[in-house]
Amino acid sequence: MHPDDKIQNEFLPARTIDLMNETVLGRRGFLMGAAAATAGLALGAWAPPARAAVGGNLEVMAWEGFTMEPETAEWRKANNVTMRAAIMSTQDDVTAKVVGSNAVRLDVAEYSNGYNAIYDELGVLTELDVSKIPNYKKEDIYPPFFEGDMWHWDDKTWAIPWVWGLDTIVVNPALVGFEVKSYEDLLRPELTGKVAFLDNPLTVWPQIAKVTGYAEKFPNLTKEELADCFDKLKPYRDQTKVFASSNGDVISLFASGEIAACFCVWSAVPLETAKQNVKTVAIYPKEGGAIWADAWFIPKTSENIDTAYAFIDQALVPEVQASVCKTAVCSTVSKKAPAVMDEATRALFDYDNFDEQFKAMKIYGQPPRTSTEFATYDDWLQVWADFRAGF
């Protein structure tokens, strides 16, 4: 097998997926501006009549492909649950529903890593009673996702992580012409004007910190360190052809042959370019990739709380995990799920050696909203905007 034919971190199967539209392709977009703007609003007085049993209407908000509608069909029928699923295109869609004096009912929703601190500050999270989520127990959940600090703090559980995935370097081997093993390889003269950046702070900023030597400090860099970080990144900007606004844009750029590599993008991009007869490969470089993770939480505006708990518990059923991982091209938090996955879905990650494979990975948060010591999220946004403007 040619090295380019092997996905170096065994993250992608040799298959295509059917449920993958433009909304899914853009689901890793991370817009915190609106969330920050609402931070000063007080959550309206909310006194919902909580249900006392599983059943009735359930208001859900999640990314496209992650609503679990097909996976929970039998469970909903058996429990007389009618689910209305709203699709989020950014995390701000959820924030807009649960924050402020006009907050509306939302029984269960997702938040991505990086939003835990914001949602805690906004006071929209409900402390979870994990006894009502029996599938969430230490022996059945991979260690990074059981009571991790993005979902569990102050000795309380606020959200349940349930799926995760990788953003990393993706290349077109035919256009690159050499094996890419490191971010340093993107600086080779053969790739001048052939690299793309994705405008996705959730995963791109941590990768920038890794590449420039600040992996251990991110997201808490001083303003001086932030400036140095992006100064060291300038050689990559010199290689750049375009800053893409979404995963879908990156796929189109690969399909048209306009780029040969992308600095950090969804690891499932090769599945989509293959549909257009263009071969791309996800690379796991020596610096590592960027992990995203999604979690279910019960907003303060929830009414059907018992059913929300039961729904979250269903999300951790091994067969449900396996199905979602297949259709949404992601990885499981359940130790029991790989055994019921098809071969291609199981090949998304080396679950047999989970601890060893995950050792070099880290799920990062985002810079603080306010700080007198570290560069804030707004500081990062400004430097990132200036970096792109200098292109």
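Residues are classed as buried under 20% relative accessible area, as exposed over 50%, and as partly exposed in between. By this scale Asp-231, at 42% relative accessibility, counts as partly exposed in the predicted model. Lys-234 falls in the partly exposed class as well, with a value of 37%. The side chains of Asp-231 and Lys-234 are joined by a salt bridge, with an N to O distance of 3.3 Å. Both residues belong to helix α8, which spans residues 223-238, and their separation of 3 residues corresponds to about one turn of the helix. Elsewhere, Arg-105, Asp-107 and Glu-303 are joined into one network by salt bridges that share partners.

In total, the structure contains 16 salt bridges. Among them is the contact between Glu-184 and Lys-286, in which the closest N and O atoms are 3.8 Å apart. This pair connects distant parts of the chain, 102 residues apart: Glu-184 is located in the loop between α6 (173-176) and β7 (195-198), and Lys-286 in the loop between β10 (281-283) and β11. Lys-286 has a relative accessible area of 62% and is therefore exposed. A further salt bridge is formed by the side chains of Glu-225 and Lys-217, at 2.4 Å from N to O. The two partners fall into separate accessibility classes: Glu-225 is buried, at 15% relative accessibility, whereas Lys-217 is partly exposed, at 41%.

Charged side chains also occur in a surface patch. Asp-120, Glu-147, Asp-154 and Asp-155 gather there in a patch of negative charge. Of these residues, Asp-120 is placed in helix α5, which covers residues 116-122. The relative accessible area of Asp-120 is 37%, so this residue is partly exposed.

Aromatic contacts were examined next. A search of the whole structure yields 38 aromatic pairs. One of these is formed by Trp-296 and Phe-311, with the ring centres 5.2 Å apart and an angle of 80 degrees between the planes, an edge-to-face arrangement. Trp-296 is part of strand β11 (residues 290-297) and Phe-311 is part of helix α11 (residues 305-315), so the pair ties together parts that are 15 residues apart in sequence. Both rings belong to buried residues: Trp-296 has a relative accessible area of 0%, and Phe-311 likewise has a relative accessibility of 0%.

Note on methods. Residues are numbered from 1 along each chain as its sequence is written. This is a predicted model: local features need pLDDT of at least 70, side-chain atom pairs count only at pLDDT 80 or more; totals for chains, interfaces and linings use all residues. Side-chain values use heavy atoms; hydrogens and water are left out. Patches are made of residues with over 30% relative accessible area and no salt bridge: like charges are joined within 9 Å, nonpolar side chains (Val, Leu, Ile, Met, Phe, Trp, Tyr) within 5 Å. Accessible areas come from the Shrake-Rupley method with a 1.4 Å probe; for residues, only the protein chains shown count as cover. A salt bridge is a side-chain nitrogen of Lys or Arg within 4 Å of a carboxyl oxygen of Asp or Glu. Lys and Arg count as positive and Asp and Glu as negative; His and the chain ends are not counted. The place of a charge is taken as NZ of Lys, CZ of Arg, CG of Asp or CD of Glu. Helices (H or I, at least four residues) and strands (E, at least two) are DSSP runs, numbered from the N terminus. Buried means under 20% relative accessible area, exposed over 50%, partly exposed in between (1.4 Å probe, protein chains only). Rings of Phe, Tyr and Trp (its six-membered ring) pair if their centres lie within 6.5 Å; planes under 30 degrees apart count as stacked, over 60 as edge-to-face and the rest as tilted.
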